[in-house]
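User: I am new to this structure and would like a close look at one part of it, namely the salt bridges. Please take me through them one at a time, with where the partners sit and how buried or exposed they are.

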Amino acid sequence: MNLYRKGRAFEQEVSRYLRRRGVWVIRSAGSKGAADLVAWYGGRRALLQCKTGSQPHQKELNTLKRMARDMGATAWVITKPPRGEPRAYLVHPDQLMGALTTLEDLATWLLDGPGRAHFLRAIGG
């Protein structure tokens, strides 16, 4: 499987996961922009950059963060390690940058808001 197909398959995996939990998700056509997926529920929005083997370049991260700030959204990098479950890294807002959590906690935050105790535990709050 080439890198594009591997990346697209991971984006679809993340999208299906969130949709099954009731989150609205759209995929950026071609995924050549900063955000591969836009996820939202109610007034909460998240821009997601999905990575299967590499880390995003600083220019991609800066664009993703700027887009999130302009939209009033959070920005996340979702990684898929060779083994184990995907991980979600919060990159915007800056005061929470680097927080690590799971896709389940990301879905819960989108559905129920940031006040959920287990989400706050996951990000060290």
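Analyst:
**Salt bridges in the predicted model**

In this predicted model, the side chains of Glu-11 and Arg-27 come together in a salt bridge, with a distance of 2.6 Å from N to O. The pair links distant parts of the chain, since Glu-11 belongs to helix H1 (residues 3-20) while Arg-27 belongs to strand S1 (residues 24-27), 16 residues apart. Glu-11 has a relative accessibility of 5% and therefore counts as buried, whereas Arg-27, with a relative accessible area of 30%, is partly exposed.

Helix H1 also takes part in another pair, for the side chains of Lys-80 and Glu-13 meet in a salt bridge at 2.8 Å, again taken from N to O. Lys-80 lies in the loop between strand S4 (74-79) and strand S5 (87-92), and Glu-13 lies in helix H1, so this salt bridge ties together parts that are 67 residues apart in sequence. Lys-80 counts as partly exposed at 31% relative accessibility, and Glu-13 is likewise partly exposed, its relative accessible area being 28%.

A further salt bridge joins Lys-51 to Glu-60, where the closest N and O atoms are 3.6 Å apart. Here Lys-51 is the buried partner, because its relative accessible area is 13% and buried means under 20%; Glu-60, at 23% relative accessibility, counts as partly exposed.

The structure holds four salt bridges, among them the pairs Glu-11 with Arg-27, Lys-80 with Glu-13 and Lys-51 with Glu-60.

Note on methods. Residues are numbered from 1 along each chain as its sequence is written. This is a predicted model: local features need pLDDT of at least 70, side-chain atom pairs count only at pLDDT 80 or more; totals for chains, interfaces and linings use all residues. Side-chain values use heavy atoms; hydrogens and water are left out. Helices (H or I, at least four residues) and strands (E, at least two) are DSSP runs, numbered from the N terminus. Buried means under 20% relative accessible area, exposed over 50%, partly exposed in between (1.4 Å probe, protein chains only).
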